[in-house]
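Here is a short tour for anyone who likes to see how a fold is put together. Keep the viewer open as you read along.

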Amino acid sequence: MPGIEVPKEKWSGKVREVTLGATAAEGGTRARTVTVGGETTLPFLKFEGEIPHPPAIAIEVRDQPPSDWPALLLQAWDGATQDVAEWAKAAEAAGADLVALRFNASEQLSAPYARQVLRRVLSATGLPLVVFGPGQADWDNEVLVAVAEEGKGERLVLGVCEEKNYRTIVAAALAHGHLVDARAPMDVNLSKQLNILIHDMGLPVERIIMDPTTGALGYGIEYGYSVMERLRIAALQGDSMTQLPMLVTPGEEAWRTKEARAAEGVPAAWGDYVKRAINWEVLTASTLIHSGADIVVLRHPESLRRVRAMINALIG
Amino acid sequence: MALTGLQIYKLLPASSTNPEVKAHANCKECGYPTCLAFAMKLAAKQADLSLCPYVEEESKRQLEESAAPPIRLITVAGSAKKLEVGNELVLHRHEKTFYHPPGLFVRVKDTQPDAAQVAKAVADYTVDYVGMSLSLDGVAVEAAGGDFGATVAAVKAACPFPLILMATDPATAEAGLKAAQGTTPLLWAASAENWQAMAQLAAQYKVPLAVLGPNGDLNALADLAEQVKNAGVEDLVLDPGTRDHASSLAAFTQLRRLALRKNERKVGYPLIAFAGDDITLAAQHIAKYAGFIVLDQFDPAMAYPLIVLRANLFTDPQKPIQVLPGVYEINHPGPSDPLMITTNFSITYFSVANEVESSGLPGWLLVADAEGMSVLTAWAAGKFDAERIAKTVKSTGIEQKINHKRLIIPGHVAVLLGEIEEELPGWEINVGPREAVDLPNYLKTRWG
Ligand code: SF4
């Protein structure tokens with residue numbers, strides 16, 4: 001009987017390699033850099049293409065312990081959340097590849113304050129950083145411009161860079177040698193369009209990471225999943241403005257669901273709270289990794305451990 | 001794989017090499033003016049082959065085979081519930097949709113004294129998700145040196161769901177099949193060592209049979225499946241023998257591609273995966289192509305997220321799940337009770353409605369037509385703006401049902417506050433919490 005031949009896709013495209021962080025030799029102060037992207041096939045299909053870099057895991061830390069995080073999440077960091085530098089150190093010790101520093105929308109948030117927090121985090125950890133503003137376009141601009149200047153040369157990822165504010169954020173990235181996290185609302189064309197706008201301002205594509213936005217498990221993850229699959233297939237088919245690594249924030253999405261927040265007053269069928277909450281973050285992340293995520297931002301150290309185990313198992 | 005009109009035409013009398021058959025060419029007996037016209041109708045599935053009395057046997061066989069799905073539909077059944085898997089047509093859900101959600105099975109061993117209790121727990125487990133009542137699908141009973149037949153009987157009595165009988169020794173397997181009579185279990189598994197006897201049992205007891213290949217060797221698996229099929233068992237399920245993430249992803253992807261892209265009939269069957277107690281491996285198999293997933297434990301904290309993931313990925317992307325825009329009454333509200341607004345994306349609606357409902361607080365929930373998008377997505381896409389919100393208030397007749405003019409908007413669209421006030425003169429607009437989970441507390445402390 002003639003053998004069956006395993007069908008291999010002959011993709012013409014390749015995801016660009018993007019390097020986060022800069023060591024002293026490269027004009028920064030990071031102990032190491034992290035490179036993502038470079039794939040020439042769909043996630044982990046090593047039988048037909050290259051997967052030069054495993055997906056990277058970032059741990060989210062805040063300048064102040066956030067008031068809206070469930071106790072389970074804060075306790076997991078064992079007091080380190082009281083101080084952003086301690087938190088960043090704990091993230092590194094837990095095995096993160098990147099630290100995602102995010103500023104709370106609080107009264108003390110100002111440009112000088114943001115600079116000082118950034119300094120402290122840069123000296124606490126040697127990992128490359130992603131920095132998110134408080135999530136309101138005007139305020140984000142103020143904070144991120146200051147952060148960009150303060151962290152000159154560090155190849156930070158500045159986020160989020162969206163249609164509303166991309167001009168300011170891209171200008172800051174251009175001026176100070178950083179990258180941007182280009183976020184568009186779960187739509188292939190909007191993602192592409194934003195990448196083009198950013199690129200047209202002169203930012204090299206090797207400094208753009210795209211963030212297609214996602215929903216948590218149970219709250220629209222299938223939309224993010226399919227948008228990411230379509231973006232990645234477009235990239236492999238040779239569409240250059242989709243050939244960028246993807247960053248998503250499953251931690252943020254998962255930990256705002258009721259499943260991850262409510263310890264009591266929920267159906268018994270939801271099972272043990274701690275296990276369920278962590279499973280929610282783990283499955284949100286693992287599913288998005290299967291649809292092409294190159295960087296996932298997580299919150300719980302146990303999720304980090306388990307998502308890492310999965311990535312290692314897939315990379316083999 | 002479906003044939004084109006021209007390919008079908010080559011099989012009809014007009015193209016025959018047999019002069020006697022060819023003599024009927026374009027005889028119109030099928031009701032169409034020519035064989036070609038009939039072929040086109042057949043390709044469009046608007047006519048039935050039986051209308052032509054002159055099709056040759058070999059052509060008939062080829063046409064029937066081409067009409068068969070590339071991945072065979074397999075049915076297993078318990079005493080009160082059945083499961084169908086297979087018949088998938090795409091590799092990526094956005095290409096069309098995934099059709100048959102994989103069955104989630106929990107494994108028990110015949111040496112396990114509580115096997116029947118676990119089976120009962122599996123059967124009793126249901127969980128509500130966006131208005132749907134969802135459950136697990138069955139129990140896999142493994143022969144591990146205990147009394148297999150008795151365990152299968154006990155599990156069957158405790159659980160009306162389909163079973164998977166895991167026994168590689170034919171005599172043991174038969175004891176299980178006898179105990180499962182009256183239901184249609186999946187028999188696992190025929191391997192290179194036992195396939196003749198297992199095929200015979202599957203044929204005799206009329207059950208689908210899983211074929212187990214050596215770890216990831218797809219050629220050996222395909223050949224074995226072919227042998228079993230030739231021995232008379234058509235309902236097959238394939239187990240490529242992989243048990244880890246990397247080799248499972250490769251094998252399952254390759255098998256799916258072989259069936260769909262290469263129309264490789266030898267592997268055109270649903271796949272079975274064993275995920276142990278690894279939730280990420282089980283989740284991988286939901287996304288990547290399993291028809292049956294066997295878990296080593298029953299744990300609601302694991303079952304619930306897997307069931308939800310399955311529901312999400314098997315939602316038809318062409319039909320986003322929406323609720324009808326309008327006024328929804330929660331906990332019998334009166335005229336002075338709070339009025340909230342959200343979008344018609346069903347997940348958004350259910351998150352909000354469930355929170356308010358379980359808080360016991362009465363309220364009016366307005367659902368705006370945001371084209372089935374969540375609050376944030378709809379807002380970003382301009383489908384949930386001040387104008388649409390005002391229109392929803394005015395067009396739903398809510399003003400006649402309440403005696404106040406206060407509207408709570410989702411915290412995520414706080415920026416719309418001013419514009420809504422302009423669109424709705426005389427109204428007080430309140431910015432509610434961003435997440436539905438914080439609504440009950442908001443209503444308790446801020447409304448009044
Ligand atoms: S019945 Fe129709 S298809 Fe058959 S030979 Fe006559 S014309 Fe052709």
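Which residue of E7(B) stands opposite B:Glu142? That partner is B:Met166. Please keep in mind throughout that this is a predicted model.

The pair belongs to a wider strand contact: strand E6 (residues 138-142) of chain B runs parallel to strand E7 (residues 163-166) of chain B, and 4 bridges join them. Zooming out, chain B has an open sheet of 8 strands with parallel pairing, ordered E10-E9-E8-E7-E6-E3-E12-E11. Its two edge strands, each pairing on one side only, are listed here.

| Edge strand | Residues | Chain |
|---|---|---|
| E10 | 236-239 | B |
| E11 | 272-276 | B |

From one strand to the next, the twist averages 25°.

Now to the nonpolar packing. The largest core holds 95 residues, and among those touching the most other members are B:Val139, B:Leu187 and B:Leu306. Helix H12 (residues 300-313) of chain B supplies the largest share of this core, with 9 residues. A second, separate core has 81 residues, including A:Leu73 and A:Met246. Back in chain B, B:Val139 touches several residues farther than four places away in sequence, among them B:Phe105, B:Val122, B:Cys159 and B:Ile164.

Finally, look at helix H11 (residues 279-287) of chain B, whose axis comes within 10 Å of that of H12(B), crossing at roughly 20°. The two helices are therefore roughly parallel, and their crossing is right-handed. Where they meet, H11(B) contributes residues including B:Ile279 and B:Ile286, while H12(B) offers B:Leu306 and B:Arg310, among others.

Technical notes
Residues are numbered from 1 along each chain as its sequence is written. Chains are lettered from A and ligands numbered from 1 in the order in which they are written. This is a predicted model: local features need pLDDT of at least 70, side-chain atom pairs count only at pLDDT 80 or more; totals for chains, interfaces and linings use all residues. Side-chain values use heavy atoms; hydrogens and water are left out. Two strands pair if DSSP finds at least two bridges between them. Axes are lines fitted to C-alpha atoms, for helices over the stretch in contact, and angles run from 0 to 180 degrees between N-to-C directions. A nonpolar core is a set of buried Ala, Val, Leu, Ile, Met, Phe, Trp, Tyr and Cys residues joined through side-chain atoms within 4.5 Å. Buried means under 20% relative accessible area, exposed over 50%, partly exposed in between (1.4 Å probe, protein chains only). Contact means heavy atoms within 4.5 Å. Angles under 35 degrees count as roughly parallel, over 145 as roughly antiparallel, 65 to 115 as roughly perpendicular and the rest as oblique. A crossing is left-handed if the near helix is turned anticlockwise from the far one by less than a right angle, and right-handed if clockwise.
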